[in-house]
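Colleague: I would like a close look at one part of this model, namely how its helices pack against one another, with enough of the surroundings to place that packing in context. Please take it slowly and keep the residues in view.

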Number of protein chains: 2
Amino acid sequence: MSDTIDEFLVTYLTDVHALEQQSIELLEKAIDIAGDPSAQQLYHGHLLETHEQKRYIRERLEAHGAGPSTTKDVASRAGAKGIGLTVQAAPDTPGKLAAFAFAFEHLEIASYELLRRLAARAGDGDTVEIADRILGEERSAADKIAATFDLVVERALQQRGLAG
Amino acid sequence: MSDTIDEFLVTYLTDVHALEQQSIELLEKAIDIAGDPSAQQLYHGHLLETHEQKRYIRERLEAHGAGPSTTKDVASRAGAKGIGLTVQAAPDTPGKLAAFAFAFEHLEIASYELLRRLAARAGDGDTVEIADRILGEERSAADKIAATFDLVVERALQQRGLAG
């Protein structure tokens, strides 16, 4: 249990920080197995954006007095147990990868929607602003992943000699 | 590798069948831990819908000659390894539950978007129709989950004595 709303906000910030780390691992894997240059480019672009998002959240954690070691420890716990999406189990075909990455973007969208609301209640306008900015980027990434679905199915058919 | 487009379509149908089974397990857990009557009602309503979706997909599998034992075996494999979202690791607080359930709906949305495209290429109009119907239901469920985010944050604050 958190004693103050600020301490509670730090647990939310810690969770999205862990989520950004998981996202980095997923996107690195996605670049390897996307199997198509335009999809690889999409995942690479979002990887750069994700590193930046993680840095912004780290800065918000620091603004609330949460040091690097706290962040790291709690992030590991949240990543392993709290969030329930494990990148280790990420799929190894472009089709399942696209579906998984689309779901992961929506896990981030939901998490930032919650963070945004809590930050507003805590009067932390800087975190509200960061959450809004990142929400826009995650929604845009999700849309771009959805735009690959046609290509993903055609590629899978081609690989099996079933296109035409 | 699949020899025919029909066999390939059966692998997609098998995956969404496994996903519906995972969804049932998640929603049963969600009803237990939602902690709010309106959220419980939402998850319960979608659970009934999900049982029906699973039955529709089972019928499409049977139409393609995939028997119950094949379905069951391959479903376990897909559930454990292929999809990468494990309900065992589902979160145990209403906030993380809502974020996870929102992400899971989008895993289903992406999977049915892919299934729909493959079924169209395979000339299986019945599966296209079922996929469209289920897509509408999953999108509606995702919207309803998103509509709980305000409540989820307020409840979490109340539980910690931080509301007011």
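Modeller: The surface that chain A exposes comes to about 7000 Å², of which carbon and sulfur atoms supply 50%; this figure, like the others below, is computed from a predicted model. Of the 164 residues in chain A, 54% count as buried. The chain has 6 helices and 0 strands, so that its elements, read from the N terminus on, run α-α-α-α-α-α. When contacts in chain A between residues at least 6 apart in sequence are considered, 79% of them join residues at least 24 apart.

The part to examine closely is the meeting of the two chains through helix 4. Two packed helices are described by the angle between their axes and the distance between the axes. Helix 4 of chain A, residues 94-121, packs with helix 4 of chain B, residues 94-121, at an angle of about 150 degrees, and their axes are 8 Å apart. Because angles over 145 degrees count as roughly antiparallel, helix 4 of chain A and helix 4 of chain B are roughly antiparallel to each other. The crossing in which helix 4 of chain A passes helix 4 of chain B is right-handed. On the chain A side, the contact is made by Gly95(A), Ala99(A), Phe100(A), Phe102(A), Ala103(A), His106(A), Leu107(A), Ile109(A), Ala110(A), Ser111(A) and Leu114(A); on the chain B side, it is made by Gly95(B), Ala99(B), Phe100(B), Phe102(B), Ala103(B), His106(B), Leu107(B), Ile109(B), Ala110(B), Ser111(B) and Leu114(B). Sorted by class, this contact has 16 nonpolar, 6 polar and no charged residues.

Two of the contact residues on chain A also lead into the rest of that chain. Phe100(A), which lies in helix 4 of chain A, has a relative accessibility of 0% and therefore counts as buried. Its C-alpha atom is 9.9 Å from that of Ala30(A), although Phe100(A) and Ala30(A) are 70 residues apart in sequence. Ile109(A), for its part, is reached from helix 5 of chain A, residues 125-146, where Arg139(A) has its place. Arg139(A) and Ile109(A) are 30 residues apart along the chain, and their C-alpha atoms are separated by 7.1 Å. Once its neighbours within four places in sequence are left aside, Arg139(A) is in contact with Ile109(A) and Glu113(A). With a relative accessible area of 37%, Arg139(A) is partly exposed.

For comparison, consider a pair of helices within chain B. The axes of helix 2, residues 37-63, and helix 5, residues 125-146, of chain B come within 11 Å and cross at roughly 165 degrees, which makes helix 2 of chain B roughly antiparallel to helix 5 of chain B. Here helix 2 of chain B passes helix 5 of chain B in a left-handed crossing. Among the residues that meet are Leu42(B), Tyr43(B), His46(B), Glu49(B) and Arg60(B) in helix 2 of chain B, and Asp126(B), Ile130(B), Arg133(B), Glu137(B) and Lys144(B) in helix 5 of chain B. By class, the contact of helix 2 with helix 5 in chain B has 8 nonpolar, 3 polar and 8 charged residues, whereas that between helix 4 of chain A and helix 4 of chain B has no charged residues.

How values were computed
Residues numbered from 1 in each chain as written. Chains lettered and ligands numbered in written order. Predicted model: local features only at pLDDT ≥ 70, side-chain atom pairs only at ≥ 80, totals over all residues. Heavy atoms only, no water. Axes fitted to C-alpha atoms, helices over the stretch in contact; angles between N-to-C directions. Helix = DSSP H or I, 4+ residues; strand = E, 2+ residues; numbered from the N terminus. Parallel < 35°, antiparallel > 145°, perpendicular 65-115°, else oblique. Left-handed = near helix turned anticlockwise from the far one by under 90°. Contact = heavy atoms within 4.5 Å. Nonpolar A, V, L, I, M, F, W, Y, C, P; charged D, E, K, R; others polar. Buried < 20%, exposed > 50% of the residue type's maximum accessible area, 1.4 Å probe, protein only. Areas by Shrake-Rupley, 256 points an atom, 1.4 Å probe, with all protein chains shown as cover.
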